[in-house]
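Let's take a friendly walk through a protein model together. Have a look at the sequence and the 3D view before reading on.

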Amino acid sequence: MYQHKNKIMNNQELRKNGIDGKHKNEGDSRRTFLKKAAAATVTIAGSDLMTFAGENPSDSTIPSNEMPWYRRITRWGQTNITEKDPSTYDISWWRKHWKSTNTQGVIINAGGIVAYYPSKVPLHRQAQFLEGRDLFGDLCRAAREEGMAVFARMDSNRAHEDFYKAHTDWFAIDGSGKPYKAGDLFITCVNSPYYNEHIPSILTEVAQLYNPEGFTDNSWSGLGRDTICYCENCKRSFRSKTGKEIPEAKNWEDSAYREWIIWNYNRRLEIWDLNNQVTRTAGGPDCIWSGMNSGSISGQSRSFRDFKRICNKAEIIMLDSQSRNDSGGFQQNADMGKLIHGLLGWDKLIPESMAMYQAGRPTFRLASKPVPEARMWMVEGIAGGIQPWWHYVGASHEDRRIYHTNGPIFNWHKENEDYLINRKPLATIGVVWSQQNTDFYGRDEAEAIVDMPWRGMIQALVRDRIPYIPVNADHIDREAKNLALLILPATGVMTDDQITSIKRFVKEGGGILATGETSLYNEWGDRMTDFALGDIFGAHITEPVKPNVTPLRKWTNETYHTYLRLTPELRTRVDGPQTGREPMMSGERHQVLKGFDETDILSFGGLLEPVRTDSKAEVLMTYIPPFPIYPPETAWMREPKTDIPGLIINTIPGAGRIAFMPADIDREYGRYNLPDHGNLLANLIRWTSKDNIPLAVEGTGLVNCNLYHQPGRMILHMTNLTSAGTWRQPVDEFIPVGPLKVRIKLPDNVSGSNIRFLVSQKNVSGSVAEGWITFTINSISDHEVVVIS
Ligand SMILES: [Zn+2]
């Protein structure tokens, strides 16, 4: 028997504790919290699960124009409860921590694998050390008394042996009938009653007992793509949806396997809808369910989570991307924020779980992450429109330094949040992506085939301080009017509609920079006889398609001793008799080769297939095939010159500028970070966009510049990535950069008369000439946010 009485806040306390969201209407918030506080007063006695009559939020008297909580709460916190915590959880200490960090909402473990409240749902196992305590309920009430929102956290993907034995048919099995396990736990099947009945009954119970604002789930999407479930539920569903049997093995050429992938994606969206229907029915229209998503498209692909379709349904994206990896750097977080906002809209929120513990490489759950490392990940997320969400594992820590990381950035966020949300990017460069490309072009090597070129292209943009936005390939028409250039980094798979959009964009004067095998594959990843964009590129495939051979895919994981020859060559060279080369060519090089006058070759690293070029296309680089590296005596070019194009500039009358690089140096740049590759990409971006870039920043350092606008003002978020730890975590020291001279093109409604630095808290003046404002930032330690109005 459990007894819990919650104190109902009086009006004065409610006013004092009201959420400090900028959209808050105090009177309305007060009513909200009165209602919530009343609903939280629940007596659980024996089998009596009582909620207050009339507390169904659908009876609400709240004006419909009030911003719902998921648009209003911008700072989240999470103490991820371990099973040991219930015996020692010091709620009063945590309440102080919530307050001192200006946290507005908390994510609290409710149920799933284990329950942190006395659940009545059969087989919903109590956390090991819970011993009757209603920890979830106690925390909910504490949060409510602080005027905070509660996201009930679920973890619904596996169960203990007793559960498995009670319902063996709810669990995923391999081809031989053996259950899939993760450690001691058994993995549940997404097509089973576990997801259709068990989880909904937990969601309903939690909503009715505690009335949390909403639900999230750590791991809601079941088995990943690498594992096929052959349970009866799956077999039946797949047969009824496709008329086929579940594929026996992974085989990208098999139509059943391809359909299995699509069927899996669809099932995850059904779960999304079902859970939302359940929580809204039990908790009211704003009691949404939003499962967590990954900060990597290839991660989303492996988990069958279609980001575009999820964002079409989601009111808020809970991003579980806790720390950086060395290859992507901090800048990956801003990139991901912009990419998701491109799907979700810039008016919605994307809180991101940010580890305060040593997460990533390596992971130590109970040790504090170096403060600069944690802070930079947070700052870069905020720069990309992400909201901070601190994350600890366990409710008590002997490494108490962990508690000091979040406060400063959270408090700064509170002071400045008006400038950090509800803003739209000002960028003229769009970088095209699609999850289909990751699925069916990247397949099992998406990291090398799709992620690496993306990373290289993004890094070239960041390094040259060029603002950009990620553009989903299905949104090209929507974004086109604001863009001067679309970049297609190794976008092998493109649909007919996407090709049509690109052609329209070019015809209307837009520039294109494409690399590698862009547009050479259909939506299933089947190689076609030519690039769908061949006429745009001025380049066509010459080799006939060999069945089941996808050469570049085979090559991408390797590095070859290859080069690119710049044409025309500018230097006289001494040629050995065996090469028989003409001594010198004359002429001027194209401006995209600016900066390379002292070399006739650039390192490459990939392989190339011959392509045929159209008459108006100009070949600016040719391929030099591989030759030995070791021993040094053998390191001479066997074939110094070919006519295989590595870089092509095409001219289409009346259209934008086109550059096509069969030589995928974006992939090489993503992998090796060689400055030549970055410089060449930057040259190409500037030329194809006709230098239509609204920002120029002079000064040394690696600085990520993101430019936004709000009505009547611009916001420039600059993150200093210059550090001894830039490419190898952790950063343990900030190395300031500056002075930086900044020039920004002023939109019509921004005069440029006020410039405010939100980090160093200074007002400065700038000079305005010919529609551009110029000012200087003397020094940036970790980041600076400039507001120009
Ligand atoms: Zn199954």
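A good place to begin is the inside of this predicted model. The largest nonpolar core has 136 residues, and F136 and I340 are those with the most contacts inside it. Helix α7 gives this core its largest share, nine residues. A second, separate core of 57 residues includes I246, F304, M494 and L533.

Now zoom in on F136. Leaving aside residues up to four places away in sequence, F136 touches I108, N109, A110, Y116, Y117, A152, V206 and Y210.

Next, step back to the whole chain. There are 22 helices and 36 strands in its secondary structure. Of its 789 residues, 61% count as buried. Take the contacts between residues at least 6 apart in sequence: 76% of them join residues at least 24 apart. The accessible surface comes to about 30600 Å², and 49% of that belongs to carbon and sulfur atoms.

Finally, let's visit one helix, α8, which spans residues 232-242. Which residues of α8 are buried? They are N233, C234, S237 and F238. These residues lie on the same side of α8 because they cover an arc of only 120 degrees around the axis. What covers them includes α7 (193-210) and α9 (255-283). Turn the helix to its other side, and you will find R236 and S240 exposed. After α8 comes G243, whose phi is positive, near 75 degrees.

How values were computed
Residues numbered from 1 in each chain as written. Predicted model: local features only at pLDDT ≥ 70, side-chain atom pairs only at ≥ 80, totals over all residues. Heavy atoms only, no water. Buried < 20%, exposed > 50% of the residue type's maximum accessible area, 1.4 Å probe, protein only. Helix = DSSP H or I, 4+ residues; strand = E, 2+ residues; numbered from the N terminus. Arc of directions from axis to C-beta. Contact = heavy atoms within 4.5 Å. Areas by Shrake-Rupley, 256 points an atom, 1.4 Å probe, with all protein chains shown as cover. Core = buried A, V, L, I, M, F, W, Y, C linked by side-chain atoms within 4.5 Å.
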